[in-house]
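Subject: Structure handover and notes

Dear colleague,

Please find below the structure we discussed, followed by my notes on it. I would be grateful if you could read the notes with the structure open beside them.

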Amino acid sequence: MLDLALSAFVTLLLVVDPVGLVPAFLAATAGMPEAVKRTVAWRAPLIAASILVVIALIGNWLLRQLGIGIPAFQIAGGLLLFGVSYRMIFGDRPHREAREADKALSEHASDVAVFPLAIPMMAGPGAIATTLLLSGDAGNAARLGINIAVILLVCLLCMICFAASTLIARTLGRTGNAVLSRLLGILLAAYSVQFVLNGIAAVRASLS
């Protein structure tokens, strides 16, 4: 159970990347009063956590309804996560997310806590795929409970990072943020490859 909890926590943490979301939060809340910023700082993670918990609860049922086996989703999810890690390593994720937040504001988004912070930056395709993978592997209520606890913990870390966003941005700077994003991307790439290997191994075992 400890290995499951640690693996699930590290995987979801790498995908969501709470520290990497700080520039997006700062851009999305630029010009807002401090009271409003504090409201967004707790509301966005709460919305994202609600979405991911629902996905964790109905993930197995959804896969069964679609006729998708766990090995197939492991391979597809691993490839999707590898794409996320590739953009983290070779792209410019923090600055790209900040630009998306600026675009949302320029288009007069009614609630930046929902868009773009909760969706798609926190509960985006990568986080949804990861949650489905973890819930598909859960197997029993205790393991599912661990996955839900991991989701809540990662979203809590996002809330803390948003609350301390000004201090984090000043401490890391642009260079530090870029270095951190790339290091996390390398780790996520390794995890995504492992998901694919697990899916292939499961297929081979079912055919033998």
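Leu184, with a relative accessibility of 17%, counts as buried because the cut-off for that class is under 20%. Leu184 belongs to helix H9, and, leaving aside residues up to four places away in sequence, Leu184 touches Leu14, Asp17 and Met88. Of these contacts, the one with Asp17 spans 167 residues in sequence, although the two C-alpha atoms are 7.9 Å apart in space. Please keep in mind throughout that this is a predicted model.

Helix H9 also holds Ser165, which is buried at a relative accessible area of 5%. Not counting residues up to four places away in sequence, the contacts of Ser165 are Val22, Phe25 and Leu26.

Phe25 brings me to the aromatic pairs, of which the count comes to two. The rings of Phe25 and Phe162 have centres 4.7 Å apart and planes at 5°, and since planes under 30 degrees apart count as stacked, this pair is classed as stacked. The pair links distant parts of the chain, with Phe25 in helix H2 and Phe162 in helix H8, 137 residues apart. Phe25 and Phe162 are both buried.

The rings of Tyr86 and Phe90 have their centres 4.8 Å apart, and their planes meet at 45°, so this pair is tilted. Tyr86 and Phe90 are four residues apart in helix H4, which means that about one helical turn separates them. As for accessibility, Tyr86 is partly exposed at 47%, whereas Phe90, at 60%, counts as exposed.

Turning to the interior, the largest nonpolar core has 47 residues, and those with the most contacts inside it are Leu12, Val16, Leu21, Leu117, Met122, Ile151 and Phe162. The elements that give two or more residues to this core are helices H1 (2–16), H2 (22–28), H3 (34–66), H4 (70–90), H6 (113–122), H7, H8 and H9 (165–207). The largest share comes from H3, which provides 10 residues. As general background, nonpolar side chains tend to be buried together in soluble globular proteins.

Which residues does Met122 touch, not counting those up to four places away in sequence? The list consists of Val16, Leu21, Ala44, Pro45, Ala48, Leu117, Ala127, Cys155, Cys158 and Phe162. Among them, Val16, Leu21, Leu117 and Phe162 are, like Met122 itself, named with the residues that have the most contacts inside the core.

Finally, I looked for enclosed empty space, and a search of the whole structure finds one cavity of 30 Å³ or more. The volume of the largest cavity is about 40 Å³. The elements that give two or more residues to its lining are helix H7 (125–138) and helix H8 (141–163). Leu12, Ala56, Thr131, Leu134, Ser135, Asn147, Val150 and Ile151 line the largest cavity, and by class this lining has five nonpolar, three polar and no charged residues. Two of the lining residues, Leu12 and Ile151, are also listed with the residues that have the most contacts inside the largest nonpolar core.

With best regards

Note on methods. Residues are numbered from 1 along each chain as its sequence is written. This is a predicted model: local features need pLDDT of at least 70, side-chain atom pairs count only at pLDDT 80 or more; totals for chains, interfaces and linings use all residues. Side-chain values use heavy atoms; hydrogens and water are left out. On a 1 Å grid over the protein atoms alone, a cavity is a set of points where a 1.4 Å probe fits but cannot get out, and a pocket is an open set with protein on both sides within 12 Å along at least five of seven lines; lining residues have an atom within 4 Å of a point. Grid points are joined across faces, edges and corners, and a volume is the space filled by probe spheres set on the points. Ala, Val, Leu, Ile, Met, Phe, Trp, Tyr, Cys and Pro count as nonpolar, Asp, Glu, Lys and Arg as charged, and the others, Gly among them, as polar. A nonpolar core is a set of buried Ala, Val, Leu, Ile, Met, Phe, Trp, Tyr and Cys residues joined through side-chain atoms within 4.5 Å. Buried means under 20% relative accessible area, exposed over 50%, partly exposed in between (1.4 Å probe, protein chains only). Contact means heavy atoms within 4.5 Å. Rings of Phe, Tyr and Trp (its six-membered ring) pair if their centres lie within 6.5 Å; planes under 30 degrees apart count as stacked, over 60 as edge-to-face and the rest as tilted.
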